[in-house]
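Got the viewer open and a selection box ready? Here is a short walk, stop by stop, with what to pick and what you should find there.

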Amino acid sequence: MIKIFDLSINKYRTICAALIIALICPILSGCADALSFDKSGETSRISLDENVASDMIVVEKVEELDLDSDDTKDNLPDKDLSKASEELVKSDGLKYYHYDLLSDEDKVLYTEIYSIISNLSKDTKVSSKDPDKIEKAFSYVMLDHPELFYLTGYSFTKYMRGNRIEKITLSGNYTMTKNEADSKKLLVDSYVDKCIEGYDGYVDDYEKVKYVYEYLIKNTEYDMSVANNQNVLSVVVDNRTVCQGYAKAMQLILNRMGVFCILCEGVVKGTESHVWNIVRINDKYYHVDATWGDASYMIEDTSGQFEAPDINYDYLCVTDEEITKTHVIKDGITYPVCSSMDDNYYVREGLYLTEINSDVIMNAFNNARENNERIVTLKCENANVYTALYKHLIENQNIFDYLNGADNVNYVEFKDECRISFYI
């Protein structure tokens, strides 16, 4: 249960808690409806169906081969295949996570498909005659390469002699010409460069991940009606997108910054498909979901005293155990195990409690004041620690020990998530 309170707590009086509000609605990527609260105080209902990646469009054609047909005219040019191979080899290897999951034979097919769609080629022969393998390789290419924003799927033609497939050719379902794609690539590169240039933090992968998480959330609005919302163009051109756009932009930028970042596919429990990221920091893996960081909750507050934080950090560097409370990871791909809390946001920022520690709590409030932050959020390891923290701060009124002389405080309770936020 989540509660928001306006508490006028006097050290010498009985605590009086007034329930101001009973609405905090999770805006789940994929849920049916949610309530949105804007600065005017008006609440509107928004539909979130169909807000995530639709399936790739796959078009199958069949043609009968003539006896004298030339099977070499639609081969992939050697120079294009060589270039694609070099580009993949040049990279860190682990950067292309899904490529590394394939067999050697399927890696050849992946490279062919990457070459075809990188060059916006059409009707080009691939080495496999198995449509299922082609589908898998194509999907892996798309998972590894967020810069391929100009297609919605692929078409393939099976060339038959009787009941036997002699060859298969493939084309991307391109949404623009090569000149148009090249022009848009410049916009994408400029956006990524601008983002990276704004980073002046430490050479620390956690700081880089946090920076990009915050950058995307601050500069992007959730909007499922925007064009190109299944790729990075919606982020770059319109600063509006859905989960695919957030996740692919995160992947693209962090990869350019030298941080391992991949897409993770799944569903939001009981609802629709969803996409987020997995990152690697100090040789350990973490889930990151910028979509939910941007719109995971909004608050309707008729008193005017509460505002939802601009950023929700509950989905910045979390474990499998934490993410699967709300997300279900898609079967079929082996993802890295995310079990460490070392670089979780609350741990790194000194906001995580495994026991009641007055020094940790005081540092959290002092740091917030030094950085002119309005909200202090403390997260507990489990429900027992949270209960003890609530008793310490609210029931025993020790919150005032951390407030520099204030005699009232507003707070938001997220009991199920074992965290509590104070407005200071």
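Start by selecting Leu263, which is found in strand 12 (helices, H or I with at least four residues, and strands, E with at least two, are DSSP runs numbered from the N terminus). Before going further: this is a predicted model, where local features need pLDDT of at least 70, side-chain atom pairs count only at pLDDT 80 or more, and totals for chains, interfaces and linings use all residues. Residues are numbered from 1 along each chain as its sequence is written, and side-chain values use heavy atoms, with hydrogens and water left out.

Is Leu263 buried or exposed? At 2% relative accessibility, Leu263 counts as buried (buried is under 20% relative accessible area, exposed over 50%, partly exposed in between, with a 1.4 Å probe and protein chains only). Show its surroundings: not counting residues up to four places away in sequence, Leu263 touches His98, Leu143, Ala247, Lys248, Gln251, Val275, Trp276, Asn277 and Tyr335 (contact means heavy atoms within 4.5 Å). Now draw a distance from the C-alpha of Leu263 to that of His145: 9.7 Å, for two residues 118 apart along the chain.

Widen the selection to residues 261-268, the whole of strand 12, where seven of the eight residues are buried. Add strand 13, which runs antiparallel to strand 12 and is joined to it by seven bridges (strands pair if DSSP finds at least two bridges between them). Cys264 stands opposite Trp276 here. The two strands form a hairpin with four residues between them, and Gly270 in the turn has a positive phi of about 75°. Next, add residues 327-329: this is strand 17, paired with strand 12 in the antiparallel sense over three bridges. Look for Val268, whose bridge partner in strand 17 is His327.

While you're here, pick Glu265 and Lys330, whose side chains meet in a salt bridge at 3.4 Å, N to O (that is, a side-chain nitrogen of Lys or Arg within 4 Å of a carboxyl oxygen of Asp or Glu). This pair links distant parts of the chain, with Glu265 in strand 12 and Lys330 in the loop between strand 17 and helix 11, 65 residues apart. Lys330 is partly exposed, at 46% relative accessibility.

More salt bridges next; by this rule the count comes to 17. Select Glu60 and Lys158, where the N to O distance is 2.8 Å. Glu60 lies in strand 6 (residues 57-64) and Lys158 in strand 8 (residues 151-161), so the pair ties together parts that are 98 residues apart in sequence. Glu60 is partly exposed at 45%, while Lys158 is buried at 16%.

Then jump to Arg348 and Glu207, which form a salt bridge with the closest N and O atoms 4.0 Å apart. Arg348 sits in helix 11 (residues 345-348) and Glu207 in helix 6 (residues 205-219), so this one ties together parts 141 residues apart in sequence. Both ends are partly exposed: Arg348 at 31% and Glu207 at 23%.

For a charge without such a partner, go to Asp294 in helix 9 (residues 290-295). What is the nearest side chain of opposite charge to this buried residue? That would be Arg240, 9.4 Å away, and Asp294 has no salt bridge (Lys and Arg count as positive, Asp and Glu as negative; His and the chain ends are not counted). Its side chain does make a polar contact with the side chain of Tyr246, at 2.3 Å (a pair of N or O atoms within 3.5 Å; within protein, one must be able to donate a hydrogen and the other to accept it, and residues adjacent in sequence count only if both atoms are side-chain atoms).

Now select residues 104-118, which is helix 3: its 15 residues reach 21 Å from first C-alpha to last, close to the 21 Å expected at 1.5 Å a residue (the expected span is 1.5 Å times one less than the number of residues). Twelve of those 15 residues are buried, so helix 3 is largely enclosed by the rest of the structure. Following the helix is Leu120, with a positive phi near 55°.

Last stop, two loops. Asp283, between strand 13 and strand 14, has a positive phi near 65° and is exposed at 68%. Cys418, between strand 20 and strand 21, has a positive phi of about 60° but is buried at 11%.
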